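Please look over the structure below. The report that follows goes through selected features, one region at a time.

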Amino acid sequence: MGYNVTQKLIKDHLVEGEMNPGSEIGLKIDQTLTQDATGTMVMLELEAMGIDQAKTEASAQYVDHNLIQEDSKNPDDHLFLESAAKRFGLHFSRPGNGVSHPVHMQRLAKPGKTLLGSDSHTCANGCMGMLAMGAGGIDVAMAIAGEPFYVKMPKVWGVKVTGELPDWVSAKDAILEMLKRHGVKGGVNHVFEYYGPGLKNLTAMDRHVIANMGAELGATGTVFPSDEETKRFMKLQGREDEWLELVADDDATYDVHDELDLSSLGPMVAKPSSPGNVVPVEEVEGEPIYQSYIGSSANPGYRDFAIASKIVEGRHIADGVSFDLNPTSRQMLIDLSQEGHIANFLQAGGRLHQAGCNGCIGMGQAPATGRNSLRTTPRNFPGRSGTKEDSVFLCSPETAAVSALTGKITDPRKSNFGFPQVKDLDNPTVDTRLLDEPLPFEEAKDVELVKGPNVASIPEMGELPNDMELPILLKMGNDISTDEILAGGARVLPYRSNLPEISKFTFEIVDETYYDRAMKVRDDGGHAVVAGANYGQGSSREHAALAPKYLGLKVAIVEDFARIHWQNLANFGVLPLTFTDPSDLNDLEQGDVLVFKGLRDKIKQSPQLEVEVKGKDKTLKLEHALSDRQIEIMQMGGLINWVKNRLEA
């Protein structure tokens, strides 16, 4: 029996375990990606672990999230990251060079390779015939150090692509259709692999859009074959010699089957406040908008901007609308300028922002209270935009541009002008300076890390206690995102390298009293939290595990976890448990005390354990999914302690 592309990539990089779905496997990682919202902690972890230099084929540190410099914290961290990239032998992308995912695709992505990134949308580079996965920063630090990445062997979800996208419909509508079908947890423990005759009608950047939002499906990754379109893209980037063909065998099979007929698709919109809350645009037509936003890693291609430019050319946006343009790389911005698209945007009343993530992560461009924001970004979780009571809709560039002209959500097919024909450039700008090259080791070893006053070393983490009585400080529902656990945005992310300070924002969207209550019990043994399904969906930021850990979180008990957050909790010594009977959540209240006895031995002896609810004559039946390796890490209090112990030994 033949292999599909995902299986080929895994087979070629398997260093531990067997390719049996659900079992833990260890994979050799060829490339890593870190960005400034998560990379500062990765660099501190490399320092804490005593790592000399990157052992990967290529590792890159990007500055794309925290670009607003309202005080010295962000620029200080940029200098720290630049010095750390030099010290540890990484490529470095400066502020303003662009969003990590499309820049990595342009400059470093290679078919047949593995990529691990401390950003959940790292999966976007699966468009290049790579196995690209998001993970917590400490997993990426381990990969940089040459250690395998451990993950549960995924099932492969084959999606046969047929047909061709109609006018006014684009790749964003295709992935929104997948989210409409399967929701934000439908892809957990799966890799989505796209194949079939319709792929010839999707450009490399179209594939990037679809692969990027595989993260919103909860998937381990998204994989496209490396074919003639991949070769064409790499040739345009001056990297044709690095291309290789990688396609599924003729007799390859898939664990799950799906079909996506591009010809049948129409414009789609994800309503607030979930990427899975998808409806056809007709269902929300007429909703007034305050903001229309084009850009982000979910629509980073030249065509995405050029078609919006052609739609607004010679026209003007509606009164009261903020039309925000966010170029995704410096070389993209040059092309848009040279082709007249920037002038079109500005003459139409648009607002031009620097190349970066910007409003997608809540770094500026926050919408007004009580007003609708229409965005081409990948996420619309509560508060992610920077406005607490936000109302964010997700859509394609076509829908965003036409709606900017009308001042309300509009089906672009109903515009009173023809569909603009836009194609990729035959000779796009190639800027090889988007990435500074790594220093040779002899130079790198003498580089001093530049630490501003806001950079704080990671506090030591204690071991998992054997006996505990833990009050439940929070009881939450389903689909709690990492944005709700620890928000992004201009208020919070500047403290990403200062754990005591960033911890003050923990769970503030859920309960503003959490921090004070957690600090009161932190030194008395800590606390627990409980929640429903898909806990920890969204961003890979490990601060969403590390900050609660710093505040004394010992155990999280939920119906089920999002993959990356589950792994982050385990990596930092917070025990992730699930209810055997999910209805037990209904019987628990905030303030209940959970009694754990002989915990260290119990998790080693069995994946099941029982926990008493103090004073309630109730016993909870719980489960863990930790491997033997993770149990050892958990007992030591986290991966940093485990690595230190190995290095000392």
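## A buried aromatic pair

The model is predicted. Tyrosine 535 and phenylalanine 561 are both buried. Their rings have centres 6.1 Å apart and planes at 75 degrees. The planes are over 60 degrees apart, so the pair is edge-to-face. The two residues are 26 residues apart and link distant parts of the chain. Tyrosine 535 lies in the loop between strand S21 (527–530) and helix H17 (543–550). Phenylalanine 561 lies in the loop between strand S22 (553–558) and helix H18 (563–571).

## Other aromatic rings

The structure holds 9 aromatic pairs. One of them joins tryptophan 168 to phenylalanine 419: the ring centres are 5.1 Å apart and the planes stand at 70 degrees, so this pair is edge-to-face. It links distant parts of the chain, with the two positions 251 residues apart. Tryptophan 168 is in the loop between strand S9 (155–162) and helix H6 (171–182). Phenylalanine 419 is in the loop between helix H12 (397–406) and helix H13 (441–444). Both residues are buried. Together with Phe417, they form one aromatic cluster.

Two arginines sit over tyrosine rings. Arginine 629 lies over the face of tyrosine 150, at 3.7 Å from the ring centre. The charged end of arginine 522 sits over the ring of tyrosine 550, 4.8 Å from its centre.

## The barrel

Which strands form the closed barrel? Seven strands do, in the order S20-S21-S22-S23-S26-S25-S24. Their pairing is mixed. From one strand to the next, the twist averages 40 degrees.

Strands S24 (residues 593–596) and S25 (residues 608–613) run antiparallel and are joined by 2 bridges. Leucine 594 stands opposite valine 613 in S25. On strands S20 (468–475) and S21 lies helix H16 (residues 514–522), which crosses them and runs at about 175 degrees to S20.

## Strands S18 and S19

Strand S18 (residues 372–375) pairs with S19 in the parallel sense, over 4 bridges. Leucine 374 has phenylalanine 393 as its bridge partner in S19.

Strand S19 (residues 391–394) is covered on both faces. Ser391 and Phe393 are buried on one side. Val392 and Leu394 are buried on the other. Phenylalanine 393 thus appears twice: as a buried residue of S19 and as the bridge partner of leucine 374.

## Helix H5

Is helix H5 mostly covered or mostly open? H5 (residues 137–144) is mostly covered, with 8 of its 8 residues buried. The buried residues are Gly137, Ile138, Asp139, Val140, Ala141, Met142, Ala143 and Ile144. Asp139 is among them. Glycine 146 follows the helix. Its phi is positive, near 95 degrees.

## Arginine 207

Arginine 207 lies in helix H7 (residues 204–212). Is this arginine buried or exposed? Its relative accessible area is 1%, and buried means under 20%, so arginine 207 is buried.

What does its side chain reach? It reaches the backbone oxygen of leucine 199, at 3.0 Å. Leu199 is also among the residues that arginine 207 touches, leaving aside those up to four places away in sequence. The others are Cys127, Leu202, Phe224, Pro225, Asp227, Glu229 and Thr230.

Note on methods:
Residues are numbered from 1 along each chain as its sequence is written. This is a predicted model: local features need pLDDT of at least 70, side-chain atom pairs count only at pLDDT 80 or more; totals for chains, interfaces and linings use all residues. Side-chain values use heavy atoms; hydrogens and water are left out. Buried means under 20% relative accessible area, exposed over 50%, partly exposed in between (1.4 Å probe, protein chains only). Rings of Phe, Tyr and Trp (its six-membered ring) pair if their centres lie within 6.5 Å; planes under 30 degrees apart count as stacked, over 60 as edge-to-face and the rest as tilted. A charge sits over a ring if NZ of Lys or CZ of Arg is within 6 Å of the ring centre and within 35 degrees of the ring normal. Two strands pair if DSSP finds at least two bridges between them. Axes are lines fitted to C-alpha atoms, for helices over the stretch in contact, and angles run from 0 to 180 degrees between N-to-C directions. Contact means heavy atoms within 4.5 Å. A polar contact is a pair of N or O atoms within 3.5 Å; within protein, one must be able to donate a hydrogen and the other to accept it, and residues adjacent in sequence count only if both atoms are side-chain atoms.
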